[in-house]
Amino acid sequence: MSYVLIVDDSALARMIVRRSLAAAGFADSAMREAPDGAAALAVVKQRPPQLIVADEHMPNMPGEELLAHLAISRELRVIPVIMCSSAVNEAMMARLSRLGARAVLKKPFSPAELHGALHGVLGRAA
């Protein structure tokens, strides 16, 4: 069974993403969480997810660095990644897109915004 990996150093933010994904049709059992990019990379290397929803600003390994690590692996670079940040600007969006982010959402985002990003990234709602 494939899963979605939610990566954020805030437990509250992970819960909000989890609820938004559930509203979009993902089963709760098909979600895993990681508190930072380093922990996420370890999880991904064991078993790649269907999708990653990650924060940009985290300790240990920020989202941008996680994207860079995924990009150098032929097997992992194909994983769709939706990045989230409260400090989104044009330069950041361009940089994250170059590294492989399929969508960038500004925090706080609504479940409808995440649903739209999921549709754009996965070609379906969930």
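Asp 55 is buried in this predicted model, with just 5% relative accessibility, which falls under the 20% mark. Its side chain still finds a charged partner: Asp 55 and Lys 107 meet in a salt bridge, with 3.2 Å from N to O. The two sit far apart along the chain, 52 residues from one another. Asp 55 belongs to strand β3, which covers residues 51-55, while Lys 107 is found in the loop that runs between β5 (103-106) and α5 (111-122).

That pair is part of a bigger tally, since a search through the whole structure turns up five salt bridges. Another of them brings together the side chains of Arg 14 and Glu 33, at 2.9 Å from N to O. Here the link is between a helix and a strand: Arg 14 lies in α1 (residues 11-23) and Glu 33 in β2 (residues 31-34), so the bridge ties together parts 19 residues apart in sequence. The partners differ in how much of them shows at the surface. Arg 14 has 14% relative accessibility and so counts as buried, whereas Glu 33, at 34%, counts as partly exposed.

Two helices are joined in a similar way by Glu 64 and Arg 95, whose side chains form a salt bridge of 2.9 Å, N to O. Glu 64 comes from α3 (residues 63-71) and Arg 95 from α4 (residues 90-99), so this pair ties together stretches that are 31 residues apart in sequence. Glu 64 is partly exposed at 22% relative accessibility, and Arg 95 is partly exposed too, at 29%. Back at Asp 55, there is a little more to the story: salt bridges with shared partners join Asp 8, Asp 55 and Lys 107 into one network.

Helix α3 also has a neighbour to pack against. In general, a packed pair of helices is described by the angle between the axes and the distance between them. For α2 (residues 37-46) and α3, the axes come within 9 Å and cross at roughly 25°. An angle under 35 degrees counts as roughly parallel, and α2 and α3 are therefore roughly parallel to each other. Their crossing is right-handed. On the α2 side, the contact is made by Gly 37, Ala 40, Leu 41 and Val 44; α3 brings in Leu 66, His 69 and Leu 70. Sorted by class, the contact of α2 with α3 holds five nonpolar residues, two polar ones and no charged ones.

Note on methods: Residues are numbered from 1 along each chain as its sequence is written. This is a predicted model: local features need pLDDT of at least 70, side-chain atom pairs count only at pLDDT 80 or more; totals for chains, interfaces and linings use all residues. Side-chain values use heavy atoms; hydrogens and water are left out. A salt bridge is a side-chain nitrogen of Lys or Arg within 4 Å of a carboxyl oxygen of Asp or Glu. Helices (H or I, at least four residues) and strands (E, at least two) are DSSP runs, numbered from the N terminus. Buried means under 20% relative accessible area, exposed over 50%, partly exposed in between (1.4 Å probe, protein chains only). Axes are lines fitted to C-alpha atoms, for helices over the stretch in contact, and angles run from 0 to 180 degrees between N-to-C directions. Angles under 35 degrees count as roughly parallel, over 145 as roughly antiparallel, 65 to 115 as roughly perpendicular and the rest as oblique. A crossing is left-handed if the near helix is turned anticlockwise from the far one by less than a right angle, and right-handed if clockwise. Contact means heavy atoms within 4.5 Å. Ala, Val, Leu, Ile, Met, Phe, Trp, Tyr, Cys and Pro count as nonpolar, Asp, Glu, Lys and Arg as charged, and the others, Gly among them, as polar.
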